[in-house]
Every structure is written in structure tokens, then in C-alpha cells.
Amino acid sequence: MKKKSKIILGLAAAAVGLGFYIDNQCFKAKEKKIELVSEKLQNPIKITQITDFHSNAIKNLDEILENIRQFKPDFIILTGDIIDYGKESKIDRSIYFLKKLSSLNIKTYYITGNHEESGPNLDVFLKEIDKLGIKYLKNDGEFLNINDNEIYIYGTSMFDFSYENYKASENSVNIILSHFSKNVRDNYRGDEDFIFSGHTHGGQVRMPIVGGLIAPGEGILPDFDKGVFKYKNSIIYVDSGLGNTFLPLRFLDQIQYSNITLAPVV
């Protein structure tokens, strides 16, 4: 075989391999397990976070559901962009996913992201999730008692962010759901213990050491692209999400969901 033919064959094989890799990154979800601590906690609580689903066609849905079932979260949080601009087919795909998730019979909270709020048919989607018993928080919250911990969970709107109804106490573990963590950072109070967000997709394309190259609203080489961040008195966790938008393109940034343990300081 001539050298030129070998080069062409090698490039073709590399392209096929890259295609399989990207396909796996975009459509097969991994489980991310993390532990965050607070002096306010008496006992651990467990939370599953799902964000930026974008009506994705996930290959390993049954595996996701089984992992969540085995994790046994105290509640699930859906931190926005569960649908993708409100097209009927996209809503149907997201509702199918949420029906499967609801079959686990775990209390679930939902907030909207930019894709829901800027697209059509949000009212249709909200009616469907209400049928599934999913609690929609729009600049509102509620107190929970879980494992002898007083928890306050407050969910925010993406484009109409407000703390007007915020009623956290000094003794409660205050959990904020905000699709875009910058909304909280720009309106920071100081009594937020944990902030759970998405929106950035982890940059979708990441480089070793550098991390995400660009993220919506965070710019080039963003600081809050993916993972755990200490912010003043708070801990911010940004999940990179279960879906893709515009193009199914991810590199070193496989789609994911997070099983999170909030634990007391030992």
C-alpha cells in the first residue's frame, strides 16, 4: 500500500473513532458522585441533580434510573432546560423521561431554565409535570425536615430572578436552585449554603487542566464552568448536564447526572 493511501486510511479510521467517541460523550450518561459538607447538618441527606436534559435521546436510561434507585435520594432536583425550546416533539421526549423518573416515587423539584422561559409551550409542559407530582418552584421555596435536618429549598426563575419570597432561617440548611449560578452571585445575600446550577454544559468541549473553553453567560475560559466552587459563605455546584444543544458535540465532557451527599462536618 502506498504511503498516501495509508495516510488516508489512517485519517478515515481516526475520524470514525472520533465519531464513536463523541456519540458516546453526547448520548451515554455517567453518574457523578460527590460529597459536600456543612456544619449545620446533623445527619447526611442525599440529592440527585438532573439539569440541561434538552430533550436528549439517552442510550442508557434504564441504567440511570437504577443508579438513582440504588442511591435512594431524599429528593431530586431538576435545575432547568429539561426541554429544548418547547417544540411538541421535544416536550414529548422530556415527558417520557420524567414519567420514567417519577416511577421511582421520589419527591422532585423543578425550576425553569432559559430554554423553557424563552421558548413556546411552557404552560403545556408545566401542566404535564404537575400531573406527575413534580413541584415547580418559581421564586418560591419550602421547608423540609430530613434526617433531623431543617432544610429550606428555594427555586428561582432564570429571567425573572427574585428573592422576594425567600424565607431562609439561620438554623436551616439553605439550598438554592438556580439554572444559572451567576444570577445568585449577582444577587448574593450571604445565607445561601448550597447553590445548585447548570446552564454551562461544562463548556461541552473541555481541555485537560484548562477545563471548559467557553460557556454561555460566563465567557471564554469560564471560572464557574463545571464542578464544586467555594463562593464567599456558600458552596456552588455546577452540573454539566444530561443533554446537548444546537449540536451534539462534547469532548472530555460526557453528559452526566449527579448523586450528591450533603454531610455534616466530622
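# Asking how we know

Author: Let's start in a loop: Leu221 sits between strand E13 (219–220) and strand E14 (227–231). Keep in mind that this is a predicted model.

Reader: What makes the phi of Leu221 worth a remark?

Author: Leu221 has a positive phi, about 50°, although it is not a glycine. Ser55 is another residue like that: it is not a glycine either, and its phi is positive at about 55°. You'll find Ser55 in the loop between strand E2 (45–50) and helix H2 (61–71).

Reader: How do you know whether Ser55 is buried or exposed?

Author: Look at the relative accessible area, which is 2% for Ser55. Buried means under 20%, so Ser55 counts as buried.

Reader: And why is Gly19 called partly exposed?

Author: Its relative accessibility is 38%. Buried would need a value under 20%, and exposed one over 50%. Gly19 falls in between, so partly exposed is the label. Gly19 belongs to helix H1 (residues 3–27). How far is Gly19 from Leu249? In sequence they are 230 residues apart, but in space their C-alpha atoms are 9.9 Å apart.

Reader: Let's move to H2. What makes you say that its buried residues are on the same side?

Author: The buried ones are Leu61, Ile64, Leu65, Ile68 and Phe71. Around the axis they cover an arc of only 125°, so they sit on the same side of H2. The face turned away from that side carries Asp62 and Gln70, which are exposed.

Reader: What covers the buried residues of H2?

Author: The cover includes E2, strand E3 (75–79), H3 and strand E16 (256–264). Right after H2 comes Lys72, with a positive phi near 55°.

Reader: How do you know that the buried residues of H5 line one face?

Author: First the list: in H5 (residues 122–131), Leu122, Phe125 and Ile129 are buried. Seen down the helix axis, they fall within an arc of 60°, so they line one face of H5. On the other side, Lys127, Asp130 and Lys131 are exposed.

Reader: Which elements cover the buried side of H5?

Author: Among them are helix H3 (88–102), strand E4 (108–111), helix H4 (114–118) and strand E5 (135–136). Just past H5, Gly133 has a positive phi of about 80°.

Reader: Zooming out, how do you know that the radius of gyration agrees with a compact globule?

Author: For 266 residues, the expected value for a compact globule is near 18 Å, and the chain has 19 Å, so the two agree. Along the principal axes, the C-alpha atoms fill a box of roughly 75 × 40 × 35 Å.

Reader: How many helices and strands are there, and what share of the residues is buried?

Author: The chain holds six helices and 16 strands. Of the 266 residues, 54% are buried. Count contacts with a separation of 6 or more, and 69% of them join residues 24 or more positions apart.

Reader: And what about surface and charge?

Author: The accessible surface is about 12800 Å², with 53% belonging to carbon and sulfur atoms. There are 32 positive and 34 negative side chains, and the centres of these two sets are 10 Å apart.

Key. Residues numbered from 1 in each chain as written. Predicted model: local features only at pLDDT ≥ 70, side-chain atom pairs only at ≥ 80, totals over all residues. Heavy atoms only, no water. Buried < 20%, exposed > 50% of the residue type's maximum accessible area, 1.4 Å probe, protein only. Helix = DSSP H or I, 4+ residues; strand = E, 2+ residues; numbered from the N terminus. Arc of directions from axis to C-beta. Contact = heavy atoms within 4.5 Å. Rg over C-alpha atoms; globule rule 2.2 N^0.38 Å. Areas by Shrake-Rupley, 256 points an atom, 1.4 Å probe, with all protein chains shown as cover. Lys, Arg positive; Asp, Glu negative; His and termini not counted. Charge placed at Lys NZ, Arg CZ, Asp CG, Glu CD.
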